[in-house]
Amino acid sequence: MNLMTYNGYNAKIEYDAELDMFRGEILGLTGGADFYGKNPKELRAEFKKSLEVFLEVCREKGIEPRRNFSGKFNLRIPTELHEKLAIVAQAEGKSINTLAQEALLQRVAA
């Protein structure tokens, strides 16, 4: 995963072949903020500038910069997978929710 982190904010980094530059998109914001750089050093500097501008605009307008997440989302899975999850969860004495949380935590921790 091509992530760059600054001051607790994460940005997804991709290469833009048309511009021959790297593009960063700051994730988890209430609005959009992106930046470009020719190399990692320039990209990091532009990340900082873009984030600072975004945060300043949010302060001026009284907007919370980070998106709020409820902690809930719907997940549609095949019935066979649902059954397997239920059996494994029951065998381990856990809820499907707990089992899913453990799997998701393992995935994002990598």
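User: In this predicted model, which residue of E4 is the bridge partner of Gly24?
Analyst: Strand E3 covers residues 21-26 and pairs with E4 in the antiparallel sense. Four bridges join E3 and E4. In E4, the partner of Gly24 is Phe35.

User: Along E4, which residues point to the face whose side chains are buried?
Analyst: The side chains of E4 alternate between two faces. Asp34 and Tyr36 point to one face and are not buried. The buried residues, pointing to the other face, are Phe35 and Gly37.

User: Are the planes of Phe35 and Phe47 stacked or edge-to-face?
Analyst: A search of the whole structure gives three aromatic pairs. For Phe35 and Phe47, the ring centres are 4.9 Å apart and the planes stand at 5 degrees. Planes under 30 degrees apart count as stacked. The angle of 5 degrees therefore makes this pair stacked.

User: How many residues apart in sequence are the parts that the pair of Phe35 and Phe47 ties together?
Analyst: Phe35 belongs to strand E4, residues 34-37. Phe47 belongs to helix H1, residues 40-61. The pair therefore ties together parts whose separation in sequence is twelve residues.

User: Is Phe47 buried or exposed?
Analyst: Buried residues have under 20% relative accessible area. Phe35, at 3% relative accessibility, counts as buried. The relative accessible area of Phe47 is 0%, so Phe47 is buried.

User: Which residue forms one aromatic cluster with Phe35 and Phe47?
Analyst: The rings of Phe35 and Phe47 are stacked. One aromatic cluster contains Phe35, Phe47 and a further residue, Tyr6.

User: What is the angle between the planes of Tyr15 and Phe22?
Analyst: Tyr15 is partly exposed at 46% relative accessibility, and Phe22 is partly exposed at 31%. Their rings form an edge-to-face pair with a centre to centre distance of 5.4 Å. The angle between the planes is 65 degrees.

User: The charged end of which residue sits over the ring of Tyr9?
Analyst: A charge can sit over a ring if CZ of Arg is within 6 Å of the ring centre and within 35 degrees of the ring normal. Over the ring of Tyr9, 3.8 Å from its centre, sits the charged end of Arg66.

User: Which helix gives the most to the lining of the largest pocket?
Analyst: The largest pocket holds about 340 Å³ of space. Its lining comprises 13 residues, and those closest to the centre are Phe73, Leu75, Asn97, Ala100 and Leu104. Helix H2 (79-91) and helix H3 (96-109) each supply at least two lining residues. With six residues, the helix giving the most is H3.

User: How many charged residues are in the lining of the largest pocket?
Analyst: By class, nine of the lining residues are nonpolar. Four are polar, and the number of charged residues is no more than none: the lining has no charged residues.

User: Where does Asn7 lie?
Analyst: Asn7 is not a glycine, yet its phi is positive, at about 55 degrees. Its relative accessible area is 58%, so Asn7 is exposed. Its place is in the loop between strand E1 (3-6) and strand E2 (9-16).

User: Is Asp20 buried or exposed?
Analyst: Asp20 is in the loop between E2 and E3. Its phi is near 55 degrees, a positive value in a residue other than glycine. Exposed means over 50% relative accessible area. At 51%, Asp20 is therefore exposed.

Note on methods:
Residues are numbered from 1 along each chain as its sequence is written. This is a predicted model: local features need pLDDT of at least 70, side-chain atom pairs count only at pLDDT 80 or more; totals for chains, interfaces and linings use all residues. Side-chain values use heavy atoms; hydrogens and water are left out. Rings of Phe, Tyr and Trp (its six-membered ring) pair if their centres lie within 6.5 Å; planes under 30 degrees apart count as stacked, over 60 as edge-to-face and the rest as tilted. Buried means under 20% relative accessible area, exposed over 50%, partly exposed in between (1.4 Å probe, protein chains only). On a 1 Å grid over the protein atoms alone, a cavity is a set of points where a 1.4 Å probe fits but cannot get out, and a pocket is an open set with protein on both sides within 12 Å along at least five of seven lines; lining residues have an atom within 4 Å of a point. Grid points are joined across faces, edges and corners, and a volume is the space filled by probe spheres set on the points. Ala, Val, Leu, Ile, Met, Phe, Trp, Tyr, Cys and Pro count as nonpolar, Asp, Glu, Lys and Arg as charged, and the others, Gly among them, as polar. Two strands pair if DSSP finds at least two bridges between them.
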